[in-house]
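Here is a short tour for anyone meeting this structure for the first time. Have a look at the model, then read on.

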Amino acid sequence: MPTMNPWINFNGNAEEAFEFYRSVFGGEFTRVTRLKDLASDEFPVAEQDANKIIYIGLPIDGSELIGNDIPESMGRVSETENRSKIAIRTESKAEADRIFSGLSVGGDVEMPIADSPWGSYFGMFRDKFGIEWMVECNVKE
């Protein structure tokens, strides 16, 4: 069965963001590749972009959260736009609370986690890196 792997673009702080995500979810990165690792005569890399991340992956329960930094030559990612939204579905309210409270640190809560009008336990926020998250649990406790 296919898995969904969200991919997020950053403006030079992908590694910092992924260290933060790993502090909440645990695990080890599947791969960390920097632009300088791909540099060649056919693919020159500007000095200011050499240490930027071109691929970083964090496995989370059968799927992988993936991110990269945008090279300066490509412009900046708008961090105030809706550039992504990641939905996390948990098996318990306790797990939903742990993930919500961990990832929302330093961010902006758009909808506090609580019993929702549609019958689930749901919350939504933008983390301190501008990424939008939804956390939901359908289990009644």
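Between which helix and which strand does the loop with lysine 52 lie? Lysine 52 belongs to the loop that runs between helix H2 (35-38) and strand S3 (53-60). Keep in mind that this is a predicted model. Although lysine 52 sits in a loop, it counts as buried, because its relative accessibility is 13% and the cut-off for buried is under 20%. Setting aside residues up to four places away in sequence, lysine 52 touches Gly12, Thr33, Arg34, Leu35, Asp69, Ile70, Pro71 and Glu72.

Now for the whole protein. It has three helices and eight strands, and from the N terminus on they come in the order β-α-β-α-β-β-β-α-β-β-β. The C-alpha trace spans about 60 × 30 × 25 Å along its principal axes. Of the 141 residues, 43% count as buried. If you take the contacts between residues at least 6 apart in sequence, 54% of them join residues at least 24 apart. The protein exposes about 8000 Å², with carbon and sulfur atoms supplying 51% of that. As for charge, there are 14 positive and 25 negative side chains, and the centres of these two sets lie 3 Å apart.

Next stop: a hairpin. Strands S6 and S7 pair in the antiparallel sense over five bridges. One bridge links aspartate 108 to arginine 126 in S7. Five residues lie between the two strands of this hairpin, where glycine 119 takes a positive phi near 100°.

Two residues help you find your way around here: valine 109 in strand S6 (residues 108-115), and methionine 124 in strand S7 (residues 121-126). Is each one buried or exposed, or partly exposed? Methionine 124 is buried, with a relative accessible area of 18%, while valine 109 counts as partly exposed at 42% relative accessibility. Leaving out residues up to four places away in sequence, methionine 124 touches Lys85, Phe100, Val109, Glu110, Met111, Trp133 and Met134. On the same basis, valine 109 touches Phe100, Ser104, Met124 and Phe125. So each of the two appears among the contacts of the other.

What about distances along the chain and in space? Methionine 124 and methionine 134 are 10 residues apart along the chain, with their C-alpha atoms separated by 4.4 Å. Valine 109 and arginine 126 are 17 residues apart in sequence and 6.4 Å apart in space, C-alpha to C-alpha.

Last come the aromatic rings. How many aromatic pairs does the structure hold? There are 11 aromatic pairs. Two of them share tyrosine 21:

| Pair | Centre to centre | Angle between planes | Type |
|---|---|---|---|
| Phenylalanine 18 and tyrosine 21 | 5.6 Å | 70° | edge-to-face |
| Phenylalanine 20 and tyrosine 21 | 5.9 Å | 55° | tilted |

Phenylalanine 18 and tyrosine 21 are separated by about one helical turn, because they are three residues apart in helix H1 (residues 14-25). Both of these residues are buried, and phenylalanine 20 is buried too. The three rings also belong to one aromatic cluster, made up of Phe10, Phe18, Phe20, Tyr21, Phe25, Phe29, Phe129 and Trp133. Trp133 has turned up before: this cluster member is one of the residues that methionine 124 touches.

Notes
Residues numbered from 1 in each chain as written. Predicted model: local features only at pLDDT ≥ 70, side-chain atom pairs only at ≥ 80, totals over all residues. Heavy atoms only, no water. Helix = DSSP H or I, 4+ residues; strand = E, 2+ residues; numbered from the N terminus. Buried < 20%, exposed > 50% of the residue type's maximum accessible area, 1.4 Å probe, protein only. Contact = heavy atoms within 4.5 Å. Areas by Shrake-Rupley, 256 points an atom, 1.4 Å probe, with all protein chains shown as cover. Lys, Arg positive; Asp, Glu negative; His and termini not counted. Charge placed at Lys NZ, Arg CZ, Asp CG, Glu CD. Pairing = 2+ DSSP bridges. Phe/Tyr/Trp six-rings, centres within 6.5 Å; stacked < 30°, edge-to-face > 60°.
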